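Q: Please take a close look at one part of this structure, namely the backbone at its unusual residues. Please also set that part within the chain as a whole.

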Amino acid sequence: MTAATLTAHPSGPLRGQVRAPGDKSISHRALILGAMAQGRTEIEGLLEGDDVLRTADACAGLGAHVTRHGNGRWTVEGKGAFTQPMEIIDCGNSGTGVRLLMGAAAGYPICVEFTGDSSLQKRPMGRVLDPLAMMGARAEGAVPGKLPLKLFVGNLKHIAYRLPVASAQVKSALLLAGLNAEGGVEVIEPEATRDHTERMLTAFGARLDITAEGPESSGKMCKRIRLAGGQTLHGSTVMVPGDPSSAAFLVVAGLVVPGSQVRVDGVLLNPGRAGLYDTLIEMGADLEILNRREVTGEPVGDLVARHGPLRGVEVPAERAPSMIDEYPILAVAAAFAEGPTVMRGIGEMRVKESDRIALMAAGLEACGVDVAEEPEGMIVTGYGRPPRGRAMVETHGDHRIAMAHLVLGLAAEAAVTVDEPGMIATSFPTFRALMAELGAGISEP
């Protein structure tokens with residue numbers, strides 16, 4: 001039975017060397033592309049959290065033979081196409097999984113019914129469904145743009161689509177749909193987002209034409225991605241690097257708990273995902289990157305975090321796409337820093353698993369931290385010393401809200417308790433075990 005609450009107690013120095021769990025974004029893509037491909041895909045280091053396991057089940061439901069061998073080793077035998085599922089595709093809490101699967105499924109002559117848990121049913125799907133409709137797909141549901149819904153597919157046609165907001169999920173969905181669209185697809189990206197799908201499509205044998213264009217009125221270059229239709233993917237081998245979003249909790253714990261030195265090996269350092277680490281270094285963090293290397297076409301390194309003073313900074317709004325999931329743990333680091341940390345251009349946080357701006361502001365304030373909430377951001381002011389803690393934090397079932405406040409509790413003056421911690425398993429099922437290995441005190445009632 002899952003604990004109703006978890007409590008983080010002020011800890012002694014955290015010490016040790018651990019490996020981050022597999023990257024969630026790459027894990028989703030490895031399974032989906034393997035299911036779309038012809039032949040066998042072998043995956044090492046897959047994240048075995050609830051979100052990714054839902055995607056594995058979905059791929060099996062769509063016709064692939066998916067086998068779990070243990071310790072992150074999986075194989076996917078794809079048939080080169082999705083087949084009509086016999087049951088509803090339930091993506092649980094995974095926004096990435098459902099949006100990418102809708103794009104992939106749209107390219108085949110099938111009808112798929114998608115659903116998710118109560119949280120996912122509140123999240124917007126129109127940002128993917130609208131451009132898919134322009135290509136010829138049709139969605140029907142009780143509430144337009146929300147799950148549950150049925151996706152009906154026509155003969156997809158070419159579109160050139162300019163992303164209205166920076167979204168790797170929308171870009172990826174359109175590229176996956178474009179594989180089976182007459183004339184393929186073009187995606188124009190005014191602001192850079194994570195490029196895992198482009199890298200992995202290439203590894204599975206697809207041809208993409210990626211060019212830089214501009215500058216636009218903003219003075220920035222934009223990226224145009226062209227993908228020809230009618231391409232067949234072929235099974236590949238994927239080594240999944242460590243998830244930088246999960247590693248962030250371990251790293252920040254090392255930075256804020258006095259006397260700590262924490263090493264996290266094998267962390268993905270894709271420029272589209274490394275914004276938090278750039279920001280922490282700007283805050284004066286004693287953060288060292290060792291053994292830089294490439295794994296399955298992705299940059300990877302080992303991170304060493306040592307406790308030390310931090311200072312508040314203003315995070316450039318254009319950095320948000322590269323760290324949108326890391327703002328909750330950045331806000332915790334900011335609570336220990338000297339001076340204000342300004343985070344703006346992060347309205348996307350309000351439509352994640354929860355309204356993360358509101359929940360982080362409420363949780364930090366309950367722990368004695370000064371927070372100014374804004375419509376599209378927040379300002380956290382620290383005083384160079386541990387916050388009070390001594391609070392019960394409502395997470396609304398959001399895994400990142402829970403983990404962020406547990407990290408705060410490890411270095412606060414008094415313990416911090418979070419409710420609904422079971423959702424941590426969606427992205428980081430080994431969170432407590434790795435924290436305990438480092439010496440953290442996180443307990444059940």
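A: The account below begins with the basis of the values, moves to the backbone, and ends with the whole chain.

This is a predicted model, in which local features need pLDDT of at least 70 and side-chain atom pairs count only at pLDDT 80 or more, whereas totals for chains, interfaces and linings use all residues. Residues are numbered from 1 along each chain as its sequence is written, and side-chain values use heavy atoms, with hydrogens and water left out.

The peptide bond between L147 and P148 is cis, with an omega of about -5°. P148 lies in the loop that runs between strands β8 (138-141) and β9 (149-152). Here and below, helices (H or I, at least four residues) and strands (E, at least two) are DSSP runs, numbered from the N terminus.

Two residues call for attention because of phi. N291 is not a glycine, yet its phi is positive, at about 55°. This residue belongs to strand β16, which covers residues 286-295. Its relative accessibility is 47%, so N291 counts as partly exposed; buried means under 20% relative accessible area, exposed over 50%, and partly exposed in between (1.4 Å probe, protein chains only). H396, also a residue other than glycine, has a positive phi near 50°. Its setting is a loop, between β22 (389-393) and α11 (399-411).

Helix α5 may be considered next. It comprises residues 168-178, and 11 of its 11 residues are buried. Among these buried residues are Q169, K171 and S172, along with L174, L175 and L176.

As for the wider setting, the protein chain contains 12 helices and 24 strands. Its radius of gyration, taken over C-alpha atoms, is 21 Å, close to the 22 Å given by the globule rule for 445 residues, so the chain is as compact as a globular protein of that length. That rule is 2.2 Å times the number of residues to the power 0.38. The C-alpha trace spans about 60 × 50 × 45 Å along its principal axes. Of the 445 residues, 58% are buried. Among contacts (heavy atoms within 4.5 Å) with a separation of 6 or more, 76% involve residues 24 or more positions apart.

Finally, the chain carries 42 positive and 52 negative side chains, and the centres of the two sets lie 2 Å apart. Lys and Arg count as positive and Asp and Glu as negative, while His and the chain ends are not counted; each charge is placed at NZ of Lys, CZ of Arg, CG of Asp or CD of Glu.
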